[in-house]
Amino acid sequence: MTENTYKILIVEDDAGLNQGIALALAEKGVEFSSALTLDQARTLWKAQSADMVLLDENLPDGSGYELLKEIRRTSQIPVLMLTANDLEIDEVTGFSLGADDYITKPFSLMVLRARVERMRMRMEEGRERFGDRKTRYVKGPYAFYFDEMKYFADGEEVTLSKTEQKLLRSFVEHSGQTLTREHLVDVLWTGDLRYVDENALSVAVNRLRKKLEVKEGKCPIQTVYGLGYVWEKKV
């Protein structure tokens, strides 16, 4: 995650601890959002993309497990549970709902940092690399399951045509790389290209963009004028 901002959502009702966690984990390229209640956390989760969530089990207006279940419906980002309950059943519950790790209060911020770094490393090592025959892409507001032909943007399922599916897979396989129009045309319409309308690619890309747009019309597909397109352009 060196080129892109890594976003961590901290859900902890103790304002001092919430801020302390952010200070302990602060480093270049990491951005934080903070919630003190379950309601605030839900709002931030829906409004902003996050790459990791640190989630307090006990919140003033409900259980962190409720948010964990909501997150797992559409995303496999790392979630670390924070709890004051040193009970085995709580850990079992958290892991069964999809938590990646568990830490009991009071905890050392140094230990928390080490666990967060381990989770990030695991996620990077396990992030789907299509050259290794993996078939999932889960990041921010997007969750794509190519084998199952299931695609989600901001938690909403998106229906893609066969052409759009091939186009999307080509983009995410080469995230950050500019793909020329010629390359993409060859990917989508392999074979005799003499009868492919020159505007067909533009139409396919625009349709895919519209389907993947999230808040404020944002989409990772960017046009590189005179060349082609790129998914998540590196800056």
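**Exercise 1. Determine how E1 and E2 are paired, and place this pair within its sheet and among the helices that cover it.**

Solution. Begin with the pair itself: in this predicted model, E1 and E2 run parallel and are joined by six bridges. For a point of reference along the pair, take Lys 7, which stands opposite Glu 31 in E2.

Next, widen the view to the sheet, which is open and consists of five strands in the order E2-E1-E3-E6-E7, with parallel pairing. E2 and strand E7 (101-104) have a single partner strand each and stand at the edges, so one side of each is left without a neighbour in the sheet. Between neighbouring strands of this sheet the turn is 15 degrees on average, when direction is ignored.

Finally, add the helices. Helix H1 (residues 15-25) lies across E1, E2, strand E3 (52-56) and strand E6 (79-83), and it runs at about 175 degrees to E2. H2 also packs on the sheet, where it touches E1, E2 and E3, and its direction makes about 140 degrees with that of E2.

**Exercise 2. Find which residues line the largest cavity, and work out which elements contribute to that lining.**

Solution. Start with the search of the whole structure, which finds one cavity of 30 Å³ or more; the volume of the largest cavity is about 70 Å³. The residues that line it are Lys 7, Ile 8, Leu 9, Glu 31, Phe 32, Ser 33, Leu 44, Trp 45, Gln 48, Ser 49 and Ala 50.

Then assign the lining to elements: strand E1 (6-11), strand E2 (30-35) and helix H2 (38-47) are the ones that give two or more residues to it. The bridge partners from the previous exercise, Lys 7 and Glu 31, are thus met again here, since both are among the lining residues.

As a last step, sort the lining by character, which yields six nonpolar, three polar and two charged residues.

**Exercise 3. Reconstruct the sheet that contains E12, E13 and E14, from its strand order to the helices that pack on it.**

Solution. First set out the order: three strands form an open sheet, arranged as E12-E14-E13, and the pairing is antiparallel. Strand E12 (178-180) and strand E13 (221-224) are the edge strands, each pairing on one side only, and the twist from one strand to the next averages 30 degrees.

Now take the pairs in turn. E12 and strand E14 (residues 228-231) run antiparallel and are joined by three bridges, with Thr 180 standing opposite Gly 228 in E14. Helix H7 (residues 181-188) packs on the sheet and touches E12 and E14, its direction making about 70 degrees with that of E12. Helix H8 (residues 200-212) packs on the sheet as well, touching E13 and E14, and its direction makes about 145 degrees with that of E13.

The remaining pair, E13 and E14, is antiparallel over four bridges, and Ile 221 has Trp 231 in E14 as its bridge partner. These two strands form a hairpin with three residues between them, in which Gly 226 takes a positive phi near 85 degrees.

**Exercise 4. Set these parts against the protein chain, stating how many helices and strands it has and what percentage of its residues count as buried.**

Solution. Count the elements first: the protein chain has eight helices and 14 strands. Turning to burial, 43% of its 235 residues count as buried. For the contacts, consider those with a separation of 6 or more, of which 58% are accounted for by residues 24 or more positions apart.

Note on methods: Residues are numbered from 1 along each chain as its sequence is written. This is a predicted model: local features need pLDDT of at least 70, side-chain atom pairs count only at pLDDT 80 or more; totals for chains, interfaces and linings use all residues. Side-chain values use heavy atoms; hydrogens and water are left out. Two strands pair if DSSP finds at least two bridges between them. Axes are lines fitted to C-alpha atoms, for helices over the stretch in contact, and angles run from 0 to 180 degrees between N-to-C directions. Contact means heavy atoms within 4.5 Å. On a 1 Å grid over the protein atoms alone, a cavity is a set of points where a 1.4 Å probe fits but cannot get out, and a pocket is an open set with protein on both sides within 12 Å along at least five of seven lines; lining residues have an atom within 4 Å of a point. Grid points are joined across faces, edges and corners, and a volume is the space filled by probe spheres set on the points. Ala, Val, Leu, Ile, Met, Phe, Trp, Tyr, Cys and Pro count as nonpolar, Asp, Glu, Lys and Arg as charged, and the others, Gly among them, as polar. Buried means under 20% relative accessible area, exposed over 50%, partly exposed in between (1.4 Å probe, protein chains only).
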